[in-house]
Structure formats: structure tokens, C-alpha cells
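Notebook open, coffee poured. I want to look up the pockets, then the sheets, then the aromatic rings.

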Amino acid sequence: MGKKATKKSKAKNKEMKKPLKLKKSTIITIIAALALLVIISGIFIIRAAVQKNINDRTVRIAFYGLSDNLCTLIQEQAPQLDEVIFSFDKIAEDDADIDILNKKYDMLFSWKGEIADSIASSAHDIPSKLLERIPRSLRNKKYMPILLDYFEIAFETSLANELGYNIENGYNSFQKYLEVTKSHVFSPFFANGGDDRILLALTGCMIESFGGLPAYEKFIELLKTERDFNTLLDERLDNEGLTLRKVLDELKAMPKDGKTHPEWYNGKNQDLFYFAKSKQIAAYFTLLSEHRNFDYEVVRNFDSVYFPKRKPKVNHGLIAPQLSCVLISNNFNAEKYLKNLTELDVQSKLSNKTKLAPVHYHAECFDRQADDLRYWAAANAGVMSDPALAAFQRDKDAMTAFASEIRNYLRMR
């Protein structure tokens with residue numbers, strides 16, 4: 001019985017080891033089916049590529065929060081590409097719908113802030129080769145900066161030289177300079193604080209000076225989530241007890257000490273210009289692009305410096321608005337447009353036309369102040385948007401309300 005079973009098992013194994021034989025017609029059918037599958041897949045791939053090429057021939061571009069002059073200047077830098085249409089729309093400041101921007105456009109040009117932040121999570125990455133052209137502190141795979149503006153402290157050079165003060169030595173040196181100049185000018189310090197954005201920026205620069213980059217970032221996060229002024233006043237911004245109240249108390253003390261005009265927080269651009277022209281201020285605070293509107297005969301007497309730091313032993317950043325581009329889609333002609341805007345010669349042209357700072361490492365700057373701004377951006381731990389852009393870009397009413405609360409606080413005796 002055992003031998004018969006063994007023979008049967010061996011016979012069965014031999015049968016199982018026999019190779020599977022397919023008919024020639026079956027093999028031909030399988031090969032033909034696979035070939036057809038490859039052809040169909042290829043057709044779909046080619047069709048998709050052709051369709052993308054057709055779709056990418058139109059580049060839909062949105063501008064938000066930019067002046068007409070800036071929009072025109074950016075449009076003029078569009079590359080000359082055969083059969084490519086660049087379509088431009090300027091979005092009204094009260095009509096920025098993130099969902100519509102994401103669905104309708106390939107590129108967005110705006111000042112980096114709350115709008116770009118909302119789009120960035122789903123935006124197409126900036127090509128790394130473009131980012132290599134700019135300082136590390138400006139690099140972000142979701143934004144490409146084009147130009148830099150800056151909130152500056154500018155001091156009267158002849159007066160500072162006469163008195164032997166270098167306010168770049170820090171915040172305490174700056175305050176001593178203001179103290180000494182009280183006997184020389186009507187208002188040692190002045191800012192056009194009647195402008196909501198300028199007032200918020202000065203507050204932000206003071207926070208950054210006192211607590212460094214982490215304190216400023218904490219302030220911005222709080223502004224985004226908590227708009228109640230009284231609640232924000234005593235929120236801790238660092239581990240050493242820095243608060244908004246302490247910063248505002250510092251600003252509040254300056255008029256009492258005779259270091260600034262009693263109502264600087266209501267000052268307008270024309271007031272700043274008048275005091276500067278009359279040589280009745282020793283230092284002022286404003287936006288670089290605002291200063292550019294002053295007569296050269298006036299501003300040539302002032303020199304801009306990095307905002308003086310009170311707490312040097314922490315990471316500091318630069319509060320400097322960035323005119324940026326976000327690639328909303330992966331349209332390859334949009335990338336070509338962005339590449340053109342970051343070329344050396346185009347960057348030089350943009351700086352000379354706008355009087356702002358280029359971001360390209362080697363681009364020619366409009367003047368030394370623009371060159372200093374690019375250097376400061378490169379030398380810092382980070383470049384941040386001012387509070388108006390970072391927290392209130394789409395809510396001007398909330399910004400006005402918050403600025404009014406600051407003025408009321410500064411006004412209280």
C-alpha cells in the first residue's frame with residue numbers, strides 16, 4: 001500500500017511540475033491587450049500634457065493692496081512669450097475672497113501679510129533656484145519677495161554729529177540723544193502717528209526692540225485672535241514680563257519728558273514734513289516709501305538707521321513690508337513670469353523706479369538707504385510684516401478701532 005501511494009504521489013508531482021502551456025492565440029491576445037493599455041495610457045498622458053499646455057497659455061494674475069503705479073510696473077515686466085496671454089485683475093481691498101482667489105488665479109501679488117498667509121498652505125512651491133538669489137532671512141518656499149519697504153528711524157545728521165551721538169548704539173543711546181536735543185529743537189522725536197498703520201508699526205517696533213523677534217511674533221498672534229484692547233494690554237509677550245502696556249507707557253512718558261510733541265499720535269504726513277523742513281525735530285519715525293515723497297532738500301539732512309534695540313541679547317528681526325508673489329497654481333508660464341521679476345537687471349530697474357530695496361543679492365539699489373535696508377534684511381533672524389498687514393490686512397475697521405484704543409491710552413493722564 002505504501003509503495004502504491006508513493007508512486008501515485010510522484011506521478012502527481014510530475015504532473016504539477018509540468019509548465020503551463022498557453023496557446024499561441026492566447027499569448028497574442030494578452031500582448032495585444034497590454035499594448036492597447038500602454039497606448040491608451042499614453043494617449044491620456046499626452047492629452048493631459050496638451051491640455052495643461054493650453055491651460056497654461058493664459059496666466060491669470062491678481063493684485064491686492066498695491067498702488068496703481070506698482071501694478072503697472074509689475075505688468076511691464078511680464079516676459080515676452082509666444083501665444084501666452086497675461087490677464088491682470090486688481091482686487092478691491094474690501095473684496096478679497098480667499099476661495100475665489102484660489103480657484104480663479106495663478107499668481108497673487110500683494111504685500112506679504114494676512115492674505116498671502118491664508119493662501120500659502122495650498123500654494124505651489126517657489127522654485128528653489130529663485131530662492132537662491134535672495135538672503136536666507138527672506139526665503140520661504142510659499143512666498144517670493146520682490147521689493148522691500150521699511151519702518152525707519154531717521155535722525156538729523158548735522159545735529160547728531162554736533163552733539164557727538166551715534167543712535168545706532170542702541171535704544172538707551174537713542175533716548176539720551178532725544179534728551180540732549182530738547183534744548184535744540186521743538187520736538188526731538190516725531191512720527192505721523194495720526195496714520196493708523198504708522199502708529200501700529202511704531203508700537204510693533206518698540207515691542208520687537210524690547211523683547212526681540214519672539215515677543216513680536218507673540219504680539220501678532222494675539223492680534224489675530226484677540227481684538228479686545230483691554231485684554232491684550234497685559235498679555236505677557238516674553239518670559240520677563242514684557243506687555244503691551246509697558247511699551248505704551250514708554251511712549252506715553254515721552255511727551256511728559258519733553259522728548260516729543262504732546263499729540264504726536266495725531267500727527268499727519270504734512271506735520272512731519274513741516275517739522276523736518278523747519279529743522280525742529282532731531283529724529284522721526286515713518287515708512288520709507290512715505291519719506292520718499294519728501295523733498296530732497298529736506299530728507300538729505302536725515303539718515304535712516306536700524307530701529308534701536310533695547311534688548312540686544314535675543315534674536316532680532318526686521319519689520320519690513322515685503323511686496324511678494326504667491327504661486328497659487330503650478331502654471332509653468334507663471335513661474336517664468338516670476339523668474340523674470342527676480343532677474344538681476346529687472347530687480348535693479350524695480351528699485352530705481354520705486355526707490356525701494358531690491359531682494360536680489362547683487363541688484364543695483366536706488367541709493368544707500370535702499371542698500372542698507374537689503375543689508376539689514378540679510379543680517380537679521382527674520383523679516384516680518386507690520387501689524388497692519390500681518391493682522392488687519394482684510395479688516396481695516398478693526399485696525400482703526402485698535403489704533404483708536406492706543407491713542408486713547410496715550411492720551412490719558
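What volume does the largest pocket have? I got about 720 Å³ for the largest pocket. A note to self before going on: this is a predicted model.

**Entry 1: the largest pocket**

Next I checked who sits around the space. The lining has 29 residues, and the closest to the centre are Trp-111, Asp-149, Arg-197, Leu-287 and Ser-289. I then sorted the lining by class and found 12 nonpolar, seven polar and 10 charged residues. Several helices turn up here: α3 (68-76), α9 (196-225), α13 (288-291), α16 (344-354), α18 (387-392) and α19 (396-411) each supply at least two lining residues.

**Entry 2: the second largest pocket**

Here I wrote down a volume of about 410 Å³. I listed 22 lining residues, and Lys-112, Glu-217, Val-383, Met-384 and Ser-385 lie nearest the centre. The classes come out as 10 nonpolar, six polar and six charged.

Which element gives the most to this lining? It's α9, with six residues. Strand β12 (383-384) also supplies at least two. I had already met α9 in the lining of the largest pocket, so I've underlined that helix in my notes.

**Entry 3: the six-stranded sheet**

I traced an open sheet of six strands in the order β2-β1-β3-β10-β4-β11, and the pairing is mixed. Why is one side of β2 and of β11 left without a neighbour in the sheet? Both stand at the edges, and each has a single partner strand, so there is nothing from the sheet on the other side; β11 covers 357-358.

Further in, I looked at β1 (residues 58-64) and β3 (residues 107-111), which pair in the parallel sense over four bridges. Phe-63 stands opposite Phe-109 in β3. I also found α16 packing on this sheet, where the helix touches β4 (144-148) and β11. The direction of α16 makes about 40 degrees with that of β4. That's the α16 I listed under the largest pocket.

**Entry 4: the four-stranded sheet**

Another open sheet has four strands, in the order β6-β7-β5-β8, again with mixed pairing. At the edges I found β6 (187-191) and β8 (302-305), each pairing on one side only. Neighbouring strands here are turned by 20 degrees against each other on average, ignoring direction.

How many bridges join β6 to β7? I noted four, and the two strands run parallel, with β7 spanning residues 281-287. For Phe-190, the bridge partner in β7 is Tyr-284. Helix α12 (residues 269-277) lies across β6, β7 and β8, and runs at about 150 degrees to β7.

**Entry 5: aromatic rings**

I came to 23 aromatic pairs in the structure. I picked out Phe-86 and Tyr-337, whose ring centres are 5.1 Å apart. Their planes are at 65 degrees, and over 60 counts as edge-to-face, so that's the label I gave the pair.

Where do the two rings sit in the chain? Phe-86 is in strand β2 (residues 85-91) and Tyr-337 is in helix α15 (residues 332-341). The pair links distant parts of the chain, 251 residues apart. And β2 is one of the edge strands from Entry 3.

Methods. Residues numbered from 1 in each chain as written. Predicted model: local features only at pLDDT ≥ 70, side-chain atom pairs only at ≥ 80, totals over all residues. Heavy atoms only, no water. Pairing = 2+ DSSP bridges. Axes fitted to C-alpha atoms, helices over the stretch in contact; angles between N-to-C directions. Contact = heavy atoms within 4.5 Å. 1 Å grid on protein atoms, 1.4 Å probe; cavity = no way out; pocket = protein on both sides within 12 Å on 5 of 7 lines; lining within 4 Å. Points joined across faces, edges and corners; volume = space filled by probe spheres on them. Nonpolar A, V, L, I, M, F, W, Y, C, P; charged D, E, K, R; others polar. Phe/Tyr/Trp six-rings, centres within 6.5 Å; stacked < 30°, edge-to-face > 60°.
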